[in-house]
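I opened this model to look up a few points on burial, helix packing, backbone angles and enclosed space. My entries follow in the order in which I went through them.

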Amino acid sequence: MNLRSLLKDTALYGMSSIVGRFLNYLLVPVYTYAINSESGGYGIVTNLYAYTAFFLALLTFGMETTLFRFGSRKDEDGRLVYSTALRMVGVVAALFVTLVLVFRKPVATALGYAAHPEYIAVFAVITALDAFQAIMFSRLRQQRRPLRFVLLKFSFIIPSVLLNLFVFLVLRQMPSAQFLFDSYDGGAGLIFFVNLACTSFVTLLFIPEIKGIGYGFDASLARRMFRYSFPLMLLGMVGILNQVADKILFPYLMPGDGGMVQLGIYGACTKIAMIMALLTQAFRYAYEPIVFADSADRNSPATLADGMKYFIVFTLLAFLAVVFYMPLLKYFIGASYWEGLGVVPVVMLAEIFMGVYFNLSFWYKLTDKTWWGAAMSAAGAAVMIAVNVVFVPRIGYWACAWGGFAGYGTAMLLSYFIGRRYYPVRYDVKSIGLSIILAAVLLALSQLPSWLGAAWPLWAVLCFNTLLLGVYLLMTVYIIKKRK
């Protein structure tokens with residue numbers, strides 16, 4: 001594959017992911033203005049989608065990557081590999097749905113949803129269908145069919161956005177429909193039903209790919225594929241735990257309605273911080289193909305060093321922009337959630353740590369020492385979980401924010417120091433350090449109005465912060481050019 005083709009496919013896959021996340025991101029104000037924080041409804045949304053992410057990693061059990069690996073071998077029948085993978089995931093997903101549906105009431109009680117076992121049933125079906133679709137999406141990527149891939153992605157995104165807008169902007173205004181919102185936690189349950197409808201619709205569009213299940217099944221091949229995928233499943237589940245364990249554990253560490261209210265506030269406020277995740281993902285889609293295309297070149301460490309420097313400069317700019325314009329960005333969520341806005345900078349710093357960890361991860365990917373990734377991610381997850389277990393009962397959702405900060409920080413530092421031994425890279429520590437110091441100074445200066453005790457008008461605060469942001473841009477350009 002030539003570089004132009006690689007970049008075109010990457011752009012298409014990236015567009016469907018980033019644009020999709022962005023459109024779903026725009027539903028956050030719809031939800032948070034419609035669902036008051038005191039209802040705890042958004043806490044339910046945050047909690048159950050965390051479970052979905054975890055079980056999706058379990059149900060796919062690394063089979064997406066395994067499909068690429070075995071399907072690309074000349075000594076394997078690509079169609080048989082695909083059919084075998086699809087059947088394996090399909091059987092596991094069907095078994096999962098069956099068990100959850102049969103035991104939905106005790107499962108719902110154990111998870112704290114005894115009043116709504118239908119939530120558990122809906123999420124079981126959604127997760128199973130998503131797992132099944134994941135293999136078919138991987139097949140499309142393997143066949144280099146990005147247009148169909150994007151079309152199917154948007155076949156979920158667009159109906160989902162439109163149905164959610166109808167439910168919360170139109171249906172909510174109908175007096176005859178108020179019982180639905182009262183019955184389903186302020187409308188939180190309706191979000192799940194919309195998701196189920198859209199996921200089912202996309203599954204029907206996959207009928208041409210589902211027919212591939214008829215290519216057959218090879219038990220020997222299945223065993224070899226599972227042996228390959230099992231470590232990938234462990235690595236994926238550890239990675240997911242880093243992202244969702246706090247949201248899963250929170251109701252157990254702070255039980256009752258008050259805990260769900262706090263989780264909803266935390267979940268809503270972290271959506272503002274997800275601006276950083278969107279920017280990080282955009283950088284990743286542009287950067288990762290370049291690194292692997294250059295991996296055989298002796299200058300690859302220089303590529304990694306430059307990438308790290310520009311990533312940190314870029315994400316610090318995004319960090320400052322979000323903090324400086326928080327007086328405006330806070331209106332992205334309902335006013336009843338504003339008490340949690342203080343966690344946004346901490347969560348964004350954790351996202352930066354995660355991004356740095358991703359950039360550092362190339363050393364073990366390029367040297368085929370991927371088990372180090374599992375070990376370091378597990379260490380980070382352990383730290384994050386420990387912080388949550390110890391501090392959530394004492395300081396609530398602040399422990400979730402600091403837990404992510406500590407967990408990703410641990411994984412980042414471990415990767416940096418261990419990577420120096422196996423794949424030395426001369427990072428431009430001086431330029432990076434100067435950029436960090438500059439950002440810290442400007443962040444401190446942004447607090448000047450409050451230090452002076454003056455009630456500056458909003459326009460004055462935004463103008464002052466815009467000036468500070470301009471200073472950061474000019475100074476970092478100067479630092480980078482001087483260091484070349």
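Entry 1, a buried phenylalanine. I looked up Phe154 and found it buried, with a relative accessible area of 17% (buried is under 20%, exposed over 50% and partly exposed in between, with a 1.4 Å probe and protein chains only). Phe154 is found in helix α8, residues 146-170, where a helix is a DSSP run of H or I of at least four residues, numbered from the N terminus. I also noted that Phe154 and Val19 are 135 residues apart in sequence, yet 9.2 Å apart in space, C-alpha to C-alpha.

Entry 2, on what I am reading. This is a predicted model, in which local features need pLDDT of at least 70 and side-chain atom pairs count only at pLDDT 80 or more, while totals for chains, interfaces and linings use all residues. Residues are numbered from 1 along each chain as its sequence is written, and side-chain values use heavy atoms, with hydrogens and water left out.

Entry 3, a helix pair. I checked helix α3 (residues 41-60) against helix α10 (residues 188-205), whose axes come within 8 Å and cross at roughly 40 degrees; the axes are lines fitted to C-alpha atoms over the stretch in contact, and angles run from 0 to 180 degrees between N-to-C directions. Gly41, Ile44, Val45, Leu48 and Tyr49 of α3 make the contact with Ala188, Ile191, Phe192 and Asn195 of α10, contact meaning heavy atoms within 4.5 Å.

Entry 4, the core. Leu48 and Phe192 came up again, being among the residues that touch the most other members of the largest nonpolar core, which has 144 residues (a set of buried Ala, Val, Leu, Ile, Met, Phe, Trp, Tyr and Cys residues joined through side-chain atoms within 4.5 Å). Leaving out residues up to four places away in sequence, I find that Leu48 touches Tyr113, Tyr119, Ile120, Phe123 and Phe192.

Entry 5, backbone angles. Most residues other than glycine have a negative phi. I therefore noted Phe61, whose phi is near 35 degrees, and which is buried, with a relative accessible area of 6%. Phe61 is found in the loop between α3 and α4 (63-71). Asp185, in the loop between α9 (178-183) and α10, likewise has a positive phi, of about 55 degrees.

Key:
Helix = DSSP H or I, 4+ residues; strand = E, 2+ residues; numbered from the N terminus.
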